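Hi,

Here is the structure I promised to send over. Have a look at it first, and then read on for my notes on what turned up.

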Amino acid sequence: MRNLVDNSGIQAVFLALVFATTSAAAQQNVHAAIVPQASRQAAPAFAVPDSSGKKVQLSDYRGKVVLLNFWATECGGCKLEIPSFVELQSAHKSDSFTIVGVSMDTSYEKLSSPDEAWSKVKPFVADHKINYPILMGDSSLLSAFELRFLPATFLIDKQGRIAATYAGVVDKADVDSNITKLLAEQ
């Protein structure tokens, strides 16, 4: 699990220190409880590009359960959970469900542009046979989702509200169970 902050002045130094120390210590098999419907908060809105440059908004997925995963190509914990996400996407492909991966490579790797990040992300996606949409995150998402670590995963209900939050490598059985619960909601 890697730490992320949104303070421009200290971000580079902090990221370098934290990234170097936390990737090997990522919390694994993380479980999350579903937040009761009445207590759920709306997921922050965003519009970020996909690999073709088209802006994609979280609201484009309204009516579906969304597993929103923030990750980076050099994040050890992120690499561990991707095979589970590929399996979950395949298992639920006929349901009202999708996984949306948001690469945070620009911040995580301190890259200069989304184009530079895509040059790393596109081959990674192909090599790992990722079967769900990948978007390119930006620094605004760090604060909007209060991202402090990677990987970070949010289960979003059909109304666009955060139903569960995972900080670290998700437990596949737990996230699958939570997806099934959210799919059953009206």
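**What I found**

The chain has six helices and 10 strands. Keep in mind that this is a predicted model. Of its 186 residues, 52% count as buried. If you take the contacts with a separation of 6 or more, 74% of them come from residues 24 or more positions apart.

**The strands in the middle of my notes**

I'd start with β5, residues 65-71. Seven of its seven residues are buried, so β5 is mostly covered. That goes for both faces: V65, L67, N69 and W71 are buried on one side, and V66, L68 and F70 on the other. β5 has a parallel pairing with β6 (residues 97-103), over seven bridges, and V65 stands opposite F97 there. β5 also pairs with β9, this time in the antiparallel sense and over five bridges. In that pairing F70 sits opposite A152.

β9 itself covers residues 152-156, and since five of its five residues are buried, the strand is largely enclosed by the rest of the structure. Both of its faces are covered too: A152, F154 and I156 are buried on one side, T153 and L155 on the other.

Then there is β10 (residues 161-167), which pairs with β9 in the antiparallel sense, again with five bridges. L155 of β9 stands opposite A164 of β10. The two strands form a hairpin with four residues between them, and G160 in the turn has a positive phi of about 85°.

**The aromatic rings**

Searching the whole structure gives five aromatic pairs. One to look at is F70 with F145: the ring centres are 5.0 Å apart and the planes are at 55°, so this pair counts as tilted. It ties together distant parts of the chain, with F70 in β5 and F145 in the loop between α5 (139-144) and β8 (149-150), 75 residues apart. Are these two phenylalanines buried or exposed? F70 is buried, at 0% relative accessibility, and F145 is buried as well, with a relative accessible area of 5%. Ring pairs also put both of them in a cluster with F46 and F154. So if you follow F70 around, you meet it in β5, opposite A152 in β9, and in that ring cluster.

**Backbone oddities**

Some background for this part: most residues other than glycine have a negative phi, and most peptide bonds are trans.

- The peptide bond from L150 to P151 is cis, with omega near 0°. P151 is in the loop between β8 and β9.
- E146 is not a glycine, yet its phi is positive, near 50°. You will find E146 in the loop between α5 and β8, and at 60% relative accessibility it counts as exposed.
- K129 is another non-glycine residue with a positive phi, about 50°. K129 lies in the loop between α4 (114-127) and β7 (134-136), and counts as exposed at 64% relative accessibility.

E146 comes right after F145 in the numbering, and the two make a nice contrast: F145 is buried, whereas E146 is exposed.

**A buried aspartate**

Last one: D174, in helix α6 (residues 172-184). D174 is buried yet has no salt bridge. Which side chain of opposite charge is nearest, and how far away is it? That would be K181, at 6.5 Å, and a salt bridge would need a distance within 4 Å. What does the D174 side chain reach instead? The backbone nitrogen of A32, at 3.0 Å. Setting aside neighbours within four places in sequence, D174 is in contact with V30, H31, A32 and Y166. A32 therefore turns up both as a contact of D174 and, through its backbone nitrogen, as the partner within 3.5 Å that makes a polar contact with the D174 side chain.

If you open the model, I'd go to F70 and its ring partner F145 first, then the cis bond from L150 to P151, and then D174 with A32.

Cheers

Technical notes. Residues are numbered from 1 along each chain as its sequence is written. This is a predicted model: local features need pLDDT of at least 70, side-chain atom pairs count only at pLDDT 80 or more; totals for chains, interfaces and linings use all residues. Side-chain values use heavy atoms; hydrogens and water are left out. Buried means under 20% relative accessible area, exposed over 50%, partly exposed in between (1.4 Å probe, protein chains only). Lys and Arg count as positive and Asp and Glu as negative; His and the chain ends are not counted. A polar contact is a pair of N or O atoms within 3.5 Å; within protein, one must be able to donate a hydrogen and the other to accept it, and residues adjacent in sequence count only if both atoms are side-chain atoms. Contact means heavy atoms within 4.5 Å. Rings of Phe, Tyr and Trp (its six-membered ring) pair if their centres lie within 6.5 Å; planes under 30 degrees apart count as stacked, over 60 as edge-to-face and the rest as tilted. Two strands pair if DSSP finds at least two bridges between them.
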